[in-house]
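Hi there,

Here is the structure I promised to pass on to you. Please have it open while you read, and my notes follow underneath.

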Amino acid sequence: MPDDLFAVSGQRLVASLDHSRIADETLVRLRRPVSSVEVSIPVRMDDGSLAVFPGFRVRHDSTRGPAKGGVRFSAGVSRREVADLAFRMTFKAALLDLPFGGAKGGVTVDPGQLSPGELERLSRGWVGALADLLGPDRDIPAPDVATNEQVMGWMSDEFDKIRRAHLPAAFTGKPIALGGVPGRSSATSDGAFHVIRELGDELIGKESERTVAIQGFGNAGSQLASRLHEAGWKVVAVSDSSAAVLDEQGLDIPALRRHKDESGALAGPPSGTQIEGDELLALDVDLLVPAALGGAINEGNARDVRARAIVEVANGPVTPEADEILDSRGVEVIPDILANAGGVTVSWFEWVQNRQGDRWTARKTARRLEKRMVRETRRVAELSSERGIPLRTAAWVLALDRLAEAMEATGTESLFRNGGDQP
Ligand code: NAD
């Protein structure tokens with residue numbers, strides 16, 4: 001069984017308990033996931049050999065709706081990591097007031113070592129092993145680290161074959177041809193952009209020239225760099241796993257994105273000079289955006305941070321120990337469950353459209369995303385200033401109160417249901 005979740009993301013929750021009216025029994029219920037499943041996925045490799053990969057799906061909670069959360073393919077995937085991310089998803093969905101609970105899945109594999117055929121067989125194998133637990137009214141996977149719309153296309157197809165039905169709402173983040181929505185791939189960066197615009201004046205004042213450094217130049221980081229660049233921000237530094245680049249006058253983001261698209265990495269950049277990755281985190285900028293890894297800003301480097309505010313686009317990039325240091329130095333942190341919630345919000349739009357057999361325009365999707373992100377960002381900011389608590393605590397309190405209200409409305413018996421609709 002995975003550990004008590006309070007040992008991991010639960011630290012965030014503990015910080016919000018003083019400000020929440022949650023009942024003790026509800027809290028006890030939230031400490032552990034509803035279900036946590038580990039499977040073995042056999043895959044025929046191209047050379048004819050057989051490999052078996054560990055696969056996971058953790059459903060943390062489904063009180064507010066079917067569980068929702070991505071599937072990641074990474075060598076570091078463990079049941080503990082997946083459980084922690086599922087826990088965060090429950091709170092992220094509640095914070096955005098989406099009719100979903102939280103889940104997460106993964107496979108322990110280095111996807112870079114697999115051929116496209118092996119990747120497809122692994123993706124289909126994950127669905128085959130877990131199909132009984134999935135479905136549009138039960139648990140709906142989406143892309144995450146190293147899984148993309150192609151992977152969702154394979155998974156959705158495999159699920160339809162197993163169920164002998166057309167169930168597009170069982171997966172989100174699909175290719176548009178299979179019911180995916182335009183704008184899904186930029187949803188996370190678009191959502192983060194709306195949050196930054198909404199809170200920018202409060203966090204960093206009304207300076208006309210605003211500077212930002214972004215760690216991680218992948219899907220979320222590079223698209224956010226473009227949006228900020230287009231909105232007049234000076235993007236002074238960006239990094240990926242191959243290099244970090246600095247130009248105090250502002251980087252040429254379109255040129256860097258073209259370079260990365262063509263060469264696959266930032267190394268050898270056409271704009272700026274190369275610096276060390278750690279230097280980027282210590283730059284004197286208005287905004288620092290960690291958009292790569294969990295734990296990037298930690299006890300060891302939090303004192304070096306000179307940014308006025310941090311926006312957590314990655315999941316869990318600031319550790320609880322770093323939070324305390326940053327708080328004491330007046331660095332405000334916009335928490336991940338708000339800053340990167342654009343992806344799950346647009347996934348909700350995809351699920352709604354698939355269930356209704358409808359197709360929205362890209363404009364409608366963008367408008368609804370902006371409206372939802374702005375609304376919940378304002379609520380978090382208001383609660384934060386009303387109670388004099390950090391934005392992170394305010395976000396967890398809002399989510400916790402919504403969850404508690406739903407859990408308590410189901411009655412005490414529901415607290416004793418383990419798995420509820422598990423087969
Ligand atoms: P991605 O794989 O497209 O990009 C990750 C980037 O981080 C890559 O450019 C990689 O080179 C870089 N990187 C890795 N190690 C690094 C290091 N040590 N220093 C600097 N850069 C490094 O992933 P993504 O989809 O952009 O996701 C990034 C983060 O955002 C993850 O934590 C993910 O969980 C989170 N997130 C993404 C989404 C989404 O929809 N894409 C939604 C919610 C949360």
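Strands S1 (residues 35-44) and S2 run antiparallel and are joined by 10 bridges. I should say early on that this is a predicted model. One pair you can look up in these two strands is serine 35, which stands opposite arginine 59 in S2. The hairpin that S1 and S2 form has five residues between the strands, and glycine 48 there takes a positive phi near 95 degrees.

S2 also pairs with strand S4 (residues 101-108), again in the antiparallel sense, over six bridges. Here aspartate 61 stands opposite glycine 102 in S4. How many of the 12 residues of S2 are buried? The count is nine, so strand S2 (residues 50-61) is mostly covered, where buried means under 20% relative accessible area.

Now to the ligand. There are 19 residues around the ligand, and those that come nearest are Thr188, Asn219, Ala220, Ser241 and Asn315. Sorted by class, this shell has seven nonpolar, nine polar and three charged residues.

Three backbone contacts with the ligand may be handy when you zoom in:

- Serine 241 has a backbone N or O atom 2.9 Å from an oxygen atom of the ligand.
- Valine 313 places a backbone N or O atom 3.4 Å from an oxygen atom of the ligand.
- For aspartate 240, a backbone N or O atom lies 3.5 Å from a nitrogen atom of the ligand.

As for cover, the ligand on its own has 830 Å² of accessible area, and the protein covers 75% of that.

The last topic is charge pairs. Side chains of opposite charge can pair when their charged atoms come close. Searching the whole structure turns up 29 salt bridges, and I picked out a few for you.

Arginine 124 is a good place to start. Its side chain meets that of glutamate 120 in a salt bridge (2.9 Å, N to O). Why are glutamate 120 and arginine 124 separated by about one helical turn? Because they are four residues apart in helix H4 (residues 116-130). Glutamate 120 counts as partly exposed, because its relative accessibility is 26%. Arginine 124 has 18% relative accessibility and therefore counts as buried.

The side chain of arginine 124 also meets that of glutamate 158 in a salt bridge (2.9 Å, N to O). This pair links distant parts of the chain, with glutamate 158 in helix H5 (residues 149-163), arginine 124 in helix H4, and their positions 34 residues apart. Glutamate 158 has a relative accessible area of 18%, so glutamate 158 is buried.

Helix H5 holds another pair: the side chains of lysine 161 and aspartate 157 meet in a salt bridge (3.2 Å, N to O). Both residues lie in helix H5, four residues apart, which is about one turn of the helix. Is lysine 161 buried or exposed? At 53% relative accessibility, lysine 161 counts as exposed, while aspartate 157, at 29%, counts as partly exposed.

Finally, there is a network to look at: Arg64, Asp97, Arg375, Glu376, Arg379 and Arg402 are joined into one by salt bridges that share partners.

Happy to go through any of this with you on screen.

Best wishes

Technical notes. Residues numbered from 1 in each chain as written. Predicted model: local features only at pLDDT ≥ 70, side-chain atom pairs only at ≥ 80, totals over all residues. Heavy atoms only, no water. Near = heavy atom within 4 Å. Polar contact = N/O pair within 3.5 Å; in protein donor to acceptor, adjacent residues only side chain to side chain. Areas by Shrake-Rupley, 256 points an atom, 1.4 Å probe, with all protein chains shown as cover. Nonpolar A, V, L, I, M, F, W, Y, C, P; charged D, E, K, R; others polar. Buried < 20%, exposed > 50% of the residue type's maximum accessible area, 1.4 Å probe, protein only. Pairing = 2+ DSSP bridges. Salt bridge = Lys/Arg side-chain N within 4 Å of Asp/Glu carboxyl O.
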